[in-house]
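Grab a viewer and a pencil: here's a short set of exercises to work through with the structure open. Try each task before you read its solution.

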Amino acid sequence: MNADGAAPHIELAGVSRTYLQGSVEEVRALQALDLEFAPGAFVSVEGPSGCGKTTLLNLLGLLDAPTEGEVRWNGRSVGALSDRERARLRLRGVGFIFQRFYLLPTLTARENVELPMRALGVPRAERARRASELLSEVGLSGRERAFPHQLSGGEEQRVAVARAVANQPGLLLADEPTGELDSAHAQGILDLVERVRRARSATLILVTHNPEVAARADRHLTMRDGKVVRDTRGA
Ligand SMILES: Nc1ncnc2c1ncn2[C@@H]1O[C@H](COP(=O)(O)OP(=O)(O)OP(=O)(O)O)[C@@H](O)[C@H]1O
Ligand SMILES: [Mg+2]
């Protein structure tokens, strides 16, 4: 399996995800999706709360597995990989920018950004240099030693973006990444994410309710009740 960080060709074939709520009630979060994402695509995803957007990102990012159907990376079913192979692919190949940013509270901003590089064995000096560069790109130079509780919500989110792109992944998944930010910072975050995408020719799949943000994508998916009800191309 290709885990060198190049943008993957991703396919979903007949993918459903059902959650069991209690022991009997089922929530059908995704229903029989057939989708293909070309390497380097910039795709926006919108749709009402509960329609399955986060569930879709979790499957694409190998954090979760479908209850039916297959997710394929470069033609290979990721369900056939060992846990170890899948973890490695996720670490090297996927950058997540979540609604909640999950910085580790006991690590400084720079240490948080270094974390995924550490997991890949990037040497200390190289890690520190790249983390500083990334933090300055998101407008946080000088705050490298701050702990998450000493940062504003928007600043924490920018650290999280720097961390997500630290390993230069081929697939970037963003779940409403600009929701908490004012428009200047939202633009800054998107500029950064797009710059990384272009530099690596990475694929970017972005959940957003913001029409200005969605307008930057070159393909637009609209979801409802676990299905894609609209799939249009062009800005
Ligand atoms: N772990 C879970 N257990 C049970 N049901 C879940 C779980 N996660 C999500 N769901 C349900 O699956 C459906 C899709 O959820 P999902 O989080 O994908 O929606 P979403 O489109 O991301 O919504 P939002 O815009 O509010 O973030 C919802 O009905 C939700 O309640
Ligand atoms: Mg969601």
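What follows is a handful of exercises on this predicted model, each with a worked solution.

**Exercise 1. The shell around the ligand**

Task: find which residues lie around ligand 1, and work out which element gives the most to that shell.

Solution. Start with the residue list. Around ligand 1 you should find Y19, Q21, V27, A29, G47, S49, G50, C51, G52, K53, T54 and T55. Next, sort them by element: β1 (10–21), β2 (25–37) and α1 (53–60) are the ones that give two or more residues to the shell. Of the elements, α1 gives the most, with three residues. Last, sort by chemistry. The shell around ligand 1 splits into four nonpolar residues, seven polar and one charged.

**Exercise 2. What sits over α3?**

Task: list the buried residues of helix α3 and say what covers them.

Solution. Helix α3 takes in residues 109–119, and its buried residues are A109, R110, N112, V113, E114 and M117. Now look at what lies over them: the cover includes α4 (124–137) and α5 (153–164). While you're there, check what comes after the helix. α3 is followed by G121, which has a positive phi, near 80 degrees.

**Exercise 3. Two helix pairs compared**

Task: for α3 with α4, and then for α3 with α5, get the geometry of the pair and name the residues that meet.

Solution. Take α4 to begin with. The axes of α3 and α4 are 9 Å apart, and the packing angle is about 125 degrees. That angle is between 115 and 145, so α3 and α4 count as oblique to each other. The crossing of α3 past α4 is right-handed. On the α3 side, the contact uses A109, R110, V113, E114, M117 and R118, and on the α4 side R127, A128, R130, A131, S132, L134 and L135. By type, the residues in this contact of α3 with α4 are seven nonpolar, one polar and five charged.

Now for α5. Here the axes of α3 and α5 come within 8 Å, crossing at roughly 30 degrees. Angles under 35 degrees count as roughly parallel, so that's the label for α3 and α5. The crossing of α3 and α5 is right-handed. The residues that meet are A109, N112, V113, L115 and P116 in α3 and V159, A162 and R163 in α5. In the contact of α3 with α5 there are six nonpolar residues, one polar and one charged.

**Exercise 4. Positive phi outside glycine**

Task: for L62 and D225, give phi, say where each residue sits, and decide whether it is buried, partly exposed or exposed.

Solution. A bit of background helps: most residues other than glycine have a negative phi. L62 has a positive phi, near 65 degrees, and is not a glycine. You'll find L62 in the loop between α1 and β4 (68–73). L62 has 20 C-beta neighbours inside 10 Å, and 20 or more makes a residue buried, so L62 is buried.

D225 isn't a glycine either, yet its phi is positive, about 50 degrees. D225 belongs to the loop between β9 (219–224) and β10 (227–233). The count for D225 is 14 C-beta neighbours inside 10 Å, so D225 is partly exposed.

**Exercise 5. V24, L91 and R92**

Task: place V24, L91 and R92, classify their exposure, and look up one C-alpha distance for each.

Solution. Begin with V24, in the loop between β1 and β2. V24 has 6 other C-beta atoms within 10 Å, so it is exposed. From V24 to E114 is 90 residues along the chain, and their C-alpha atoms are separated by 43 Å.

Move on to L91, which is in helix α2 (residues 83–93). L91 has 16 C-beta neighbours inside 10 Å, so it counts as partly exposed. L91 and A164 are 73 residues apart in sequence, with their C-alpha atoms 9.8 Å apart in space. If you set aside neighbours within four places in sequence, L91 is in contact with P116, A119 and L120.

Finish with R92, which lies in helix α2. R92 has 18 C-beta neighbours inside 10 Å, so R92 is partly exposed. R92 and G14 are 78 residues apart along the chain, and 26 Å separates their C-alpha atoms.

Technical notes: Residues numbered from 1 in each chain as written. Chains lettered and ligands numbered in written order. Predicted model: local features only at pLDDT ≥ 70, side-chain atom pairs only at ≥ 80, totals over all residues. Near = placed C-beta within 6 Å. Helix = DSSP H or I, 4+ residues; strand = E, 2+ residues; numbered from the N terminus. Nonpolar A, V, L, I, M, F, W, Y, C, P; charged D, E, K, R; others polar. Buried ≥ 20, exposed ≤ 12 C-beta atoms within 10 Å, placed from the backbone. Contact = placed C-beta atoms within 7 Å. Axes fitted to C-alpha atoms, helices over the stretch in contact; angles between N-to-C directions. Parallel < 35°, antiparallel > 145°, perpendicular 65-115°, else oblique. Left-handed = near helix turned anticlockwise from the far one by under 90°.
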